[in-house]
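This report looks at how a ligand is held by the protein shown here, and then at the chain as a whole.

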Amino acid sequence: MTSPSFSRRGDISSFLAMDVMREANMLQQSGQDICHLEVGQPSTKAPQVVLDAARHALDHELIGYTDALGLDALRQALSAYYQTTYKVDIAPERFVITTGSSSGFIIAFLACLDAGQKVAVTTPGYPAYTNIIQSLDLTPVTIPLSHENNWTLTVDDVQAAEKAYGPIDALLLASPANPTGTMLGKQALTDLSHDCHRAGRWFFSDEIYHGLTYAHDATSALQVGDHDGLIVMNSFSKYFSMTGWRIGWMIVPPKMVRAVERLQQNLFISAPTLSQYAACAALSPAAGTELQKHVQLYHHNRDKLLACLRDNGIDNIAPADGAFYLYADLRSLSPTP
Ligand SMILES: Cc1ncc(COP(=O)(O)O)c(C=O)c1O
């Protein structure tokens with residue numbers, strides 16, 4: 001008797017932070033007092049209007065499937081949000097509502113890339129990127145970031161990676177970034193986006209930490225030049241404090257909408273409907289007022305933590321201008337070299 005073998009694609013590394021969260025949850029269930037720092041999620045609740053909208057939808061709406069690309073009202077609201085927040089005109093038809101940005105990556109990669117093609121990501125970077133890329137039979141190219149460049153990517157880094165590994169088909173990048181919290185300046189983002197456009201390389205701009213910024217507002221890749229190879233990924237998980245609602249969105253070039261719709265129809269049918277109703281309320285001015293208070297709280301926590309670390313001799317820290325992470329060099333405190 002021989003057992004069938006598992007696929008090579010499924011043989012990816014675990015998402016270690018999720019493994020740690022499972023362990024921590026088990027300890028908590030056994031009665032231990034746990035302070036959760038393992039996964040990147042807000043300590044705050046979704047805004048009150050979001051909770052109210054979800055309750056209203058439960059009472060009044062049929063929570064059935066929605067159109068694969070999402071509720072029309074949510075896509076309209078997102079389009080208006082981009083006008084107010086970034087001063088860019090993006091047609092509602094280009095918004096695709098996803099099950100968190102995590103499902104957006106799957107759909108976008110399947111729509112844009114064939115097996116074996118190369119996707120560049122940075123190290124340090126969001127660890128799931130490489131694992132998602134590998135599970136789709138794509139090839140990750142990891143580009144190391146340096147302290148000298150403030151832990152941000154440059155066009156030179158991308159070109160050096162192409163010299164070493166051959167042409168890169170896509171670049172996936174978050175700003176503000178996980179785990180450093182560092183942000184690309186407007187010029188650096190422009191240079192990277194234009195270089196991708198010039199090279200015919202897809203540019204996936206992960207803007208999930210927009211809104212959680214402490215020095216200046218984050219620039220959307222859409223503000224520095226909308227082009228046919230640009231896909232913006234985003235989510236209600238972080239700034240909107242809705243991690244568990246599993247709801248996000250992406251903005252795709254017009255010519256890609258139908259391919260993405262077909263993939264969404266077949267792979268996910270549609271994003272969670274209750275969360276879509278709630279997300280409409282998350283974009284309202286009332287939610288914005290509450291969310292700004294969250295940002296003040298994170299800002300306060302960040303300043304406190306930075307001061308505390310510095311007082312304890314830990315001062316080699318990446319300039320965390322956004323998100324809710326600090327990337328600090330602790331090697332001097334480590335027993336191993
Ligand atoms: C940079 C980045 N992108 C994407 C995600 C996935 O978020 P979600 O699927 O909740 O939208 C995370 C989660 O931590 C992240 O840090």
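How far is an oxygen atom of the ligand from an N or O atom in the side chain of S237? In this predicted model, the separation between the ligand oxygen and that side-chain atom of S237 is 2.6 Å. Polar side-chain atoms of S235 and of R246 also lie at short listed distances from an oxygen atom of the ligand, as the table sets out.

| Side chain with the polar atom | Distance to an oxygen atom of the ligand |
|---|---|
| S235 | 2.7 Å |
| S237 | 2.6 Å |
| R246 | 2.8 Å |

Beyond these contacts, the protein covers 94% of the 400 Å² of accessible area that the ligand has on its own, and the space that the ligand takes up is the largest pocket.

The surroundings of the ligand can be described residue by residue and by class. There are 14 residues around the ligand, of which S102, D206, Y209, S237 and K238 come nearest. Sorted by class, this shell consists of five nonpolar, six polar and three charged residues, and its largest share, four residues, is supplied by helix α4, which spans residues 100-112.

Turning to the chain as a whole, its secondary structure amounts to 10 helices and seven strands. The radius of gyration of the chain is 20 Å, close to the 20 Å that the globule rule gives for 337 residues, and the chain is therefore as compact as a globular protein of that length. Taken along the principal axes, the box filled by the C-alpha atoms of the chain is roughly 60 × 60 × 50 Å.

Terms used: Residues are numbered from 1 along each chain as its sequence is written. This is a predicted model: local features need pLDDT of at least 70, side-chain atom pairs count only at pLDDT 80 or more; totals for chains, interfaces and linings use all residues. Side-chain values use heavy atoms; hydrogens and water are left out. A residue is near a molecule or strand if one of its heavy atoms lies within 4 Å of it. A polar contact is a pair of N or O atoms within 3.5 Å; within protein, one must be able to donate a hydrogen and the other to accept it, and residues adjacent in sequence count only if both atoms are side-chain atoms. Accessible areas come from the Shrake-Rupley method with a 1.4 Å probe; for residues, only the protein chains shown count as cover. On a 1 Å grid over the protein atoms alone, a cavity is a set of points where a 1.4 Å probe fits but cannot get out, and a pocket is an open set with protein on both sides within 12 Å along at least five of seven lines; lining residues have an atom within 4 Å of a point. A molecule sits in a cavity or pocket if more than half of its atoms lie within 2 Å of its grid points. Helices (H or I, at least four residues) and strands (E, at least two) are DSSP runs, numbered from the N terminus. Ala, Val, Leu, Ile, Met, Phe, Trp, Tyr, Cys and Pro count as nonpolar, Asp, Glu, Lys and Arg as charged, and the others, Gly among them, as polar. The radius of gyration is taken over C-alpha atoms; the globule rule is 2.2 Å times the number of residues to the power 0.38.
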